[in-house]
Amino acid sequence: MLSFQFAQGDETGAAGAVNEALRWTDKVWNKIADPDMWLNIMFSSIRIIIIFIITRIVIKVVYRIIDRSMERKQEGKIRVNPRRFVTVGELLKNATSITCNFIMILLLLSEINIQVGPLLASAGVLGLAIGFGAQGLVKDVITGFFIILEDQFAVGDVIQTGTYKGTVEVIGLRTTKLVSWQGEVHIIPNGAIASVTNYSMSNSLAVVDIPMKADLSLDESVHLVKKSLVGIEERDLNIVKVPDVLGIQSMSTSEYVVRIVAECMPNSRASVERQIQGDVKKTLEYHEMSHQAVLEQAVALEKDEGDGTGGA
């Protein structure tokens, strides 16, 4: 009798567990089969896609407005350095992208039923706490604004700050990106930029020293150098005007040095110096070959006269 009661109790417990599982399955199935839930998910997904597309469109439109505004400013009657417009335009585009993406994230969070208000309050308190310890970040941002305001350098300029030299690719709110002529990318915090040498704000000065043999007279050397520089401003458009031959820069018992100075476009000093050296070298080689040919011809004539064939 006792064993029968135990068996009956076990059967009752198993049946209860099965019924509980069935009820849970029914609840899940009812949830899955609920048309209202799927409608809400569908509409939320559509709204999320629309928010994303509208954000991209707004960013593109604002980018276009910024570009057109900068173009109108450059075409105005007041002459302003165009490099500043490029830099300010990039900075405005970065600010627009950050603002629009932040608003989009808030809207997306509200679509998935996340309370944005407490999140913003927590972010405000966290931002205040971070602000006390982010003095370096604040310094970087303020320095970046003054770099743009004072037009110290702009995108596309070749600058040197400290040991870093290169072309400015990006001026951000916190950092400046330089690309060296070897392709190295230097990312420098704006607050660390204490002094800047800008090679793009004015014309450069190419200085070339040409060593001359002491057996050439000064007048002959200067004549050859000036002859080699005729038309060089047409061969190299970076040269602003015809280079000046200043004269002797230094001298020794075996040679003297003639200095050439040429005004050229910004960041073109090295190429202009190579052009001048190449042209002078070609002229000197041609003069040397001509002089050697004259000597050989004179020796041949003297030999013919010595053999008695010159008067035949």
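Is R269 buried, exposed or partly exposed? Keep that in mind; the tour comes back to R269 at its last stop. One caution before selecting anything: this is a predicted model.

**Stop 1: helix 5**

Select residues 135-149, which make up helix 5. Check its length first. The helix has 15 residues, and at 1.5 Å a residue they should span 21 Å. The end C-alpha atoms are 21 Å apart, so the expected span and the model agree.

Now colour the buried positions of helix 5: D140, G144, I147 and I148. Look down the axis. These residues cover an arc of only 90 degrees, which puts them on the same side of helix 5. The general rule helps here: an α-helix has 3.6 residues a turn, so residues three or four places apart point the same way.

Turn to the other side of helix 5. Q135 and L149 are exposed there. Then step just past the end of the helix to D151, which takes a positive phi of about 55 degrees.

**Stop 2: the three-stranded sheet**

Select strands 6, 7 and 8. They form an open sheet in the order 6-8-7, and the pairing is antiparallel. Which strands stand at the edges? Strand 6 (204-213) and strand 7 (244-251) do. Each has a single partner strand, so one side of each is left without a neighbour in the sheet. Sight across the strands: the twist averages 30 degrees from one strand to the next.

Zoom in on strand 6 and strand 8 (residues 255-264). How many bridges join them? There are 10, and the two strands run antiparallel. For one pair to click on, take I210, whose bridge partner in strand 8 is V258.

Add helix 6 (residues 218-228) to the view. Helix 6 packs on the sheet and touches strand 6, strand 7 and strand 8. The direction of helix 6 makes about 135 degrees with that of strand 7.

**Stop 3: the salt bridges**

The structure holds five salt bridges. Three of them are described here, among them one within the sheet just visited. In general, side chains of opposite charge can pair when their charged atoms come close.

*D209 and R259.* Show both side chains. The closest N and O atoms of this salt bridge are 2.8 Å apart. D209 lies in strand 6 and R259 in strand 8, so the pair ties together parts that are 50 residues apart in sequence. D209 counts as partly exposed, at 34% relative accessibility. R259 also counts as partly exposed, at 22%.

*D279 and R235.* Move to this pair next. Their side chains meet in a salt bridge, 2.8 Å from N to O. The pair links distant parts of the chain, with D279 in helix 8 (residues 269-307) and R235 in helix 7 (residues 232-235). They are 44 residues apart. Is D279 buried or exposed? D279 counts as buried, with 9% relative accessibility. R235 is partly exposed, with a relative accessible area of 43%.

*R269 and E273.* Finish inside helix 8. Both residues lie in this helix, four residues apart, about one turn of the helix. R269 forms a salt bridge with E273, and the closest N and O atoms are 3.4 Å apart. Now for the opening question: R269 is partly exposed, with a relative accessible area of 41%. Its partner E273 is buried, with a relative accessible area of 16%.

Technical notes
Residues numbered from 1 in each chain as written. Predicted model: local features only at pLDDT ≥ 70, side-chain atom pairs only at ≥ 80, totals over all residues. Heavy atoms only, no water. Expected span 1.5 Å × (residues − 1). Buried < 20%, exposed > 50% of the residue type's maximum accessible area, 1.4 Å probe, protein only. Arc of directions from axis to C-beta. Pairing = 2+ DSSP bridges. Axes fitted to C-alpha atoms, helices over the stretch in contact; angles between N-to-C directions. Contact = heavy atoms within 4.5 Å. Salt bridge = Lys/Arg side-chain N within 4 Å of Asp/Glu carboxyl O.
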